[in-house]
Amino acid sequence: MFIARYYSSIISVIEIGAGTSIPSIRRMSESAAKQFHTSLIRINPREYQGMHGTLKLPFGGLQGIRQIMFIN
């Protein structure tokens, strides 16, 4: 499994464009972030809200990725 291979590395879960109309993807992202004790980055221009500790970016996908690259 990809995550198990890189578990000792610093990773984040990045979710792009999954709004509330696709709750299964949002739940999976939140679950993965909790399971691996890592951050969740949610990129969505309208529905970017998330659990406590989520980095919420109110942008489209490409602009959100550019913002992440700028942060690092």
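**Close-up views of a predicted α/β chain**

**View 1. Overall order of the elements.** Read along the sequence, the chain follows the pattern α-β-α-β-β-α, and it holds three helices and three strands. The model shown here is predicted. Of its 72 residues, 26% count as buried, and the chain exposes about 5,200 Å², of which carbon and sulfur atoms supply 59%. Among contacts between residues at least 6 apart in sequence, 36% join residues that lie at least 24 apart.

**View 2. Helix α2 and its span.** Helix α2 comprises residues 23–35, 13 residues in all, and its first and last C-alpha atoms are 18 Å apart, close to the 18 Å expected at 1.5 Å a residue. Seen down the axis of this helix, the buried residues fall within an arc of 130°, so they line one face of α2.

**View 3. The two sides of α2.** Which residues of α2 are buried? They are Arg26, Ser29, Ala32 and Ala33, and the buried residues of this helix pack against two strands, β1 (12–16) and β2 (39–43). The face of α2 that is turned away from the buried side carries the exposed residues Arg27, Met28, Lys34 and Gln35.

**View 4. A nonpolar surface patch that includes Met28.** Ile22, Ile25 and Met28 together make a nonpolar patch on the surface, with an area of about 250 Å². Of these residues, Met28 also belongs to the exposed residues on the face of α2 turned away from its buried side, whereas Ile22 is placed in the loop between β1 and α2. Is Ile22 buried or partly exposed? Its relative accessibility is 37%, and Ile22 therefore counts as partly exposed, a class that extends from the 20% limit for buried residues to the 50% limit for exposed ones.

**View 5. His37 in the loop that follows α2.** Where does His37 lie? This residue is found in the loop between α2 and β2, just after the helix, and takes a positive phi of about 50° there. The positive phi occurs in a residue other than glycine. His37 has a relative accessible area of 69% and is exposed, since a residue counts as exposed when this value is over 50%. The strand on the other side of this loop, β2 (39–43), is one of the two against which the buried residues of α2 pack.

Key:
Residues are numbered from 1 along each chain as its sequence is written. This is a predicted model: local features need pLDDT of at least 70, side-chain atom pairs count only at pLDDT 80 or more; totals for chains, interfaces and linings use all residues. Side-chain values use heavy atoms; hydrogens and water are left out. Helices (H or I, at least four residues) and strands (E, at least two) are DSSP runs, numbered from the N terminus. The expected span of a helix is 1.5 Å times one less than its number of residues. Buried means under 20% relative accessible area, exposed over 50%, partly exposed in between (1.4 Å probe, protein chains only). The arc is that of the directions from the helix axis to the C-beta atoms. Contact means heavy atoms within 4.5 Å. Patches are made of residues with over 30% relative accessible area and no salt bridge: like charges are joined within 9 Å, nonpolar side chains (Val, Leu, Ile, Met, Phe, Trp, Tyr) within 5 Å. Accessible areas come from the Shrake-Rupley method with a 1.4 Å probe; for residues, only the protein chains shown count as cover. A salt bridge is a side-chain nitrogen of Lys or Arg within 4 Å of a carboxyl oxygen of Asp or Glu.
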